[in-house]
Amino acid sequence: MKKLNQILFGLVVLSVIAISCDTLLDVDSERIMLPENHQIDSPNDSIYSMVGIFSKLQKLADPYVVLGELRGDLMDITENAGIELREINDFNISKDNPYNVIEDYYSVINHCNYLINNIDTTLSAGGEKSLLKEYAAAKTIRAWTYIQLGLNYGTAKYYEEPLLTVQDAEADFPEYTIHEMIPLLIQDLEPLKFTETPGGISLGVDMTSEKLFFPIRLMLGELYLWNGQYENAAREYYAVIEEERHVIDETFSSTWTVDNGVFVDRYTIDQNYLNIFQLTNREQISMIAGSTELGEEDELIKMTFENYEVTPSQVAIDNWNTQIYYYNENATIPGDLRGNIGSYISSGNLAGSSNINVILKYYLMGEQAEMSKAVLVYRVATLYLRYAEAVNRAGKPNLAFAVLKHGMNMDALEVDTIVPRREKYSAYTDSTGTFLDYVDFSNIAFDQNIGVHSRGCGNMDQAIDYVIPDLNSQMDSILYVEDKIIEELALETAFEGNRFQDLIRIAMRRNDPAFLADKVAQKHTGNEAAIRSLLMDENNWYIEP
């Protein structure tokens, strides 16, 4: 990982700095601005420019986690929490809160705009346009950043040119909500959807710079999902899964050892779910990486572990504890193993400790990373759960539920009682069928797929009560499965930064602010009614910059 530090801090970082009377775009005027006609026409130029983008993106890593989780229902504050975390938890965020720095988002966008507008995409080498990958990567990072702006602040000033002068920054930019921005972002990314992700720089054993980028088709899937284009979203998610042969296999499943039908003691060494957070495995798709080499502290480790300012909410703990682990139909035991000794560790597992529950995920990543730090943005399980969300809303609840229970493999897909023909085939008879283009998991790599829920709850194929109940309509089934997907996101991806965004997306889709308000209010013991009332007004979901 030390090579990551060299890349992020040893190279000359491109500075595209502007000043503005508009506080949203206000930045330091003492910096040097690059000339407007500087052409990025060599790989070295593009590397320096991308490093500039990454250096600005680092500032969004901690806010991504803190704003995404403390405003949700799974992370809570402790009595040690500082005022900045208490403000976020209580939806009373002041303008000087260190996690409320809207300029950091526009700085990323401005750096992306500089590269996009100055890179020579016509330059060819070895029969391909050598700088097109960086051009597409910058547009994808820009799209992700605009989504974060819209979800955190409600609206964003939208511009596509770099701001290099005072006059540039004082222009009157249109301001859009996330739903107004998304069609623009889709239009921007669609022509580039087949462009490969830049890569090739080694960052250590089994890790390359590809993980610092966001796959363009994954980002398109996200945009389509927010835009209600569910089949398009499913196709893009599937394309990423199929191209990279991403699987949910048993590698990261935590298990009970069973002897003659009796559950024996759990040992920490057997909890393979923990290995997800090692920085050298295929579970991770995209991350924001930084460094502690120049004295910068890992704030997530400090707040979760060292200072113990945040902790799993009781809602999150109860969610894991009320799940059922299946060895087989007759041998079951309460609890999802992705909870205790998975996503967190309780005082009962720490000799001599006080009564605390410590979030593990970023401590594990920090311990693996030497003098670097990282925040996961996308990983394989997130991708499959997004795929499930998309196909469910595309009218295929049984297919979506199979992602949770059985896994996307041919053994499950060929069974009509698991996935009905109408949900998996584009054309079919009583005996044959042609899989939809985003449901073809016939490649041998997918034979290893298991249900996401199996990662913490054992052999779900044996779970006779983990099923879609008989309901009155297809929409009832879709809503039931959507609730199970949101529950699974809590079990699988808790504390990783996406929870509040997930709740916003479902609440908006259902036109039901109570969906979000009820879930978040649950963790505010003694103050549930006030928080619920506050969040029933969607304006209070957003931060005032």
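Tutor: Let's start with a rule: angles under 35 degrees count as roughly parallel, over 145 as roughly antiparallel, 65 to 115 as roughly perpendicular, and the rest as oblique. This is a predicted model, where local features need pLDDT of at least 70 and side-chain atom pairs 80 or more, while totals for chains, interfaces and linings use all residues. Residues are numbered from 1 along each chain as its sequence is written, and side-chain values use heavy atoms, with hydrogens and water left out.

Student: What makes α15 and α19 roughly parallel to each other?

Tutor: Helix α15 (residues 397-405) and helix α19 (residues 474-493) pack at about 20°, their axes 9 Å apart. Axes here are lines fitted to C-alpha atoms, over the stretch in contact for helices, with angles from 0 to 180 degrees between N-to-C directions. An angle of about 20° falls under 35 degrees, so the pair is roughly parallel.

Student: Which residues of α15 and α19 meet?

Tutor: Pro-397, Ala-400, Phe-401 and Leu-404 of α15 touch α19 at residues including Ile-478, Val-481 and Ile-485 (contact means heavy atoms within 4.5 Å). That contact has 7 nonpolar, 2 polar and 2 charged residues.

Student: What about α14 and α20: how do you know their class?

Tutor: Their axes come within 14 Å and cross at roughly 5°. That makes α14 roughly parallel to α20. Arg-386, Glu-389 and Arg-393 of α14 meet Asp-502, Arg-505, Ile-506, Arg-509 and Arg-510 of α20.

Student: How many residues of that contact of α14 with α20 are charged?

Tutor: 7 are charged, with 1 nonpolar and no polar. Asp, Glu, Lys and Arg count as charged, so Arg-386 and Asp-502 are among them.

Student: And the residues of the contact of α8 with α9: how do they divide?

Tutor: Helix α8 (residues 178-189) packs on α9 at about 145°, with axes 9 Å apart. Among the residues in the contact are Ile-182 and Leu-185 of α8 and Leu-220 and Trp-226 of α9. They divide into 11 nonpolar, 1 polar and no charged.

Student: How many cavities are there, and what is the volume of the largest?

Tutor: There are 6 cavities of 30 Å³ or more, and the largest has a volume of about 120 Å³. A cavity is a set of points on a 1 Å grid where a 1.4 Å probe fits but cannot get out, and lining residues have an atom within 4 Å of a point.

Student: Which residues lie nearest the centre of the largest one?

Tutor: Of its 15 lining residues, Gln-148, Glu-222, Tyr-378, Arg-386 and Gln-501 do. Elements giving two or more lining residues include α9 (216-226), α14 (380-393) and α20 (499-510). By class, the lining has 7 nonpolar, 4 polar and 4 charged residues.

Technical notes
Helices (H or I, at least four residues) and strands (E, at least two) are DSSP runs, numbered from the N terminus. On a 1 Å grid over the protein atoms alone, a cavity is a set of points where a 1.4 Å probe fits but cannot get out, and a pocket is an open set with protein on both sides within 12 Å along at least five of seven lines; lining residues have an atom within 4 Å of a point. Grid points are joined across faces, edges and corners, and a volume is the space filled by probe spheres set on the points.
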